[in-house]
Amino acid sequence: MMDEIIQVSMDEIENMMQRCFQKGAAFELTVTGSSMSPTLCHYRDSVWLVPPSVRPVKLREILLYKRPDGSLVLHRLIHMKKDGTLLMNGDGQVETEEIHGNAVIAVAEKIQRKGNIFSCDATVYRSYVRLWSFTRPFRNILVRVKKFFGRHSR
């Protein structure tokens with residue numbers, strides 16, 4: 001059975017999310033794009049988002065934020081500066097992006113990965129995130145090695 005896919009604009013997503021938050025509910029968002037791979041994969045995985053007032057912004061959390069151009073981005077917080085600036089990074093990327101704290105719309109409280117649901121507070125998940133965070137300086141090499149062996153193992 002195939003799940004139905006409905007495409008909506010960024011504004012519609014944000015409005016639906018705010019309505020959920022007003023009712024005290026989390027908002028499930030299907031991941032699109034590859035920037036959070038290998039942790040979260042395009043159209044396979046999803047995140048349950050809550051407002052920052054419910055789950056405070058902390059180091060290594062997955063945050064949904066709005067760029068000045070209006071696009072919504074789901075990346076991990078890797079550093080918090082004293083002036084409130086946040087340094088963001090996709091798990092599958094080396095590049096970072098600075099944002100202002102007021103750009104944060106939501107924080108992930110759960111993820112669904114390969115059909116399994118994990119609390120973002122679970123020890124196994126936090127351990128994975130901590131380990132993956134240490135790979136950032138040489139992540140490009142890891143991704144290339146994985147792709148190489150993936151192509152040659154068939």
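**Exercise 1. Surface and overall dimensions**

Determine what share of the accessible surface of the protein belongs to carbon and sulfur atoms, and compare the radius of gyration with that of a compact globule.

*Solution.* The structure is a predicted model.

Step 1. The accessible surface amounts to about 9,800 Å², and carbon and sulfur atoms hold 55% of that area.

Step 2. Among the 154 residues, 35% are buried.

Step 3. The C-alpha trace extends over about 50 × 50 × 35 Å along the principal axes.

Step 4. A compact globule of 154 residues would have a radius of gyration near 15 Å; the value for the protein is 16 Å, so the two agree.

**Exercise 2. Order of elements and contact range**

State how many helices and strands the protein has, and which pattern they follow along the sequence.

*Solution.* Step 1. The protein holds 3 helices and 8 strands.

Step 2. Their order along the sequence is α-β-β-β-β-β-β-β-β-α-α.

Step 3. Of the contacts with a separation of 6 or more, 52% join residues 24 or more positions apart.

**Exercise 3. The buried side of α1**

Check the length of α1 against its expected span, then establish where its buried residues lie around the axis.

*Solution.* Step 1. At 1.5 Å a residue, the 13 residues of α1 should span 18 Å; the end C-alpha atoms are 18 Å apart, which agrees.

Step 2. The helix has Ile13, Glu14, Met17 and Phe21 as buried residues.

Step 3. These residues cover an arc of only 95° around the axis and therefore lie on the same side of α1.

Step 4. The general rule is that an α-helix has 3.6 residues a turn, so residues three or four places apart point the same way.

Step 5. The partners against which the buried residues of α1 pack are β1, β2, β3, β4 and β7.

Step 6. Just after the helix, Gly24 adopts a positive phi of about 80°.

**Exercise 4. The nonpolar cores**

Identify which residues of the largest nonpolar core touch the most other members, and which element gives the most to this core.

*Solution.* Step 1. The largest nonpolar core has 21 residues, of which Met17, Leu40, Val47, Leu49, Ile62, Leu64 and Leu74 touch the most other members.

Step 2. At least two residues of this core come from each of α1, β1, β2, β3, β4, β7 and α2.

Step 3. The greatest contribution is that of β7, with 4 residues.

Step 4. Beyond four places in sequence, Ile62 touches residues including Met36, Leu40, Leu74, Ala106, Ile111 and Tyr125.

Step 5. Another core, of 10 residues, lies apart from the largest one and includes Leu63, Val73, Met88 and Val107.

Definitions and conventions. Residues are numbered from 1 along each chain as its sequence is written. This is a predicted model: local features need pLDDT of at least 70, side-chain atom pairs count only at pLDDT 80 or more; totals for chains, interfaces and linings use all residues. Side-chain values use heavy atoms; hydrogens and water are left out. A nonpolar core is a set of buried Ala, Val, Leu, Ile, Met, Phe, Trp, Tyr and Cys residues joined through side-chain atoms within 4.5 Å. Buried means under 20% relative accessible area, exposed over 50%, partly exposed in between (1.4 Å probe, protein chains only). Contact means heavy atoms within 4.5 Å. The expected span of a helix is 1.5 Å times one less than its number of residues. The arc is that of the directions from the helix axis to the C-beta atoms. The radius of gyration is taken over C-alpha atoms; the globule rule is 2.2 Å times the number of residues to the power 0.38. Accessible areas come from the Shrake-Rupley method with a 1.4 Å probe; for residues, only the protein chains shown count as cover.
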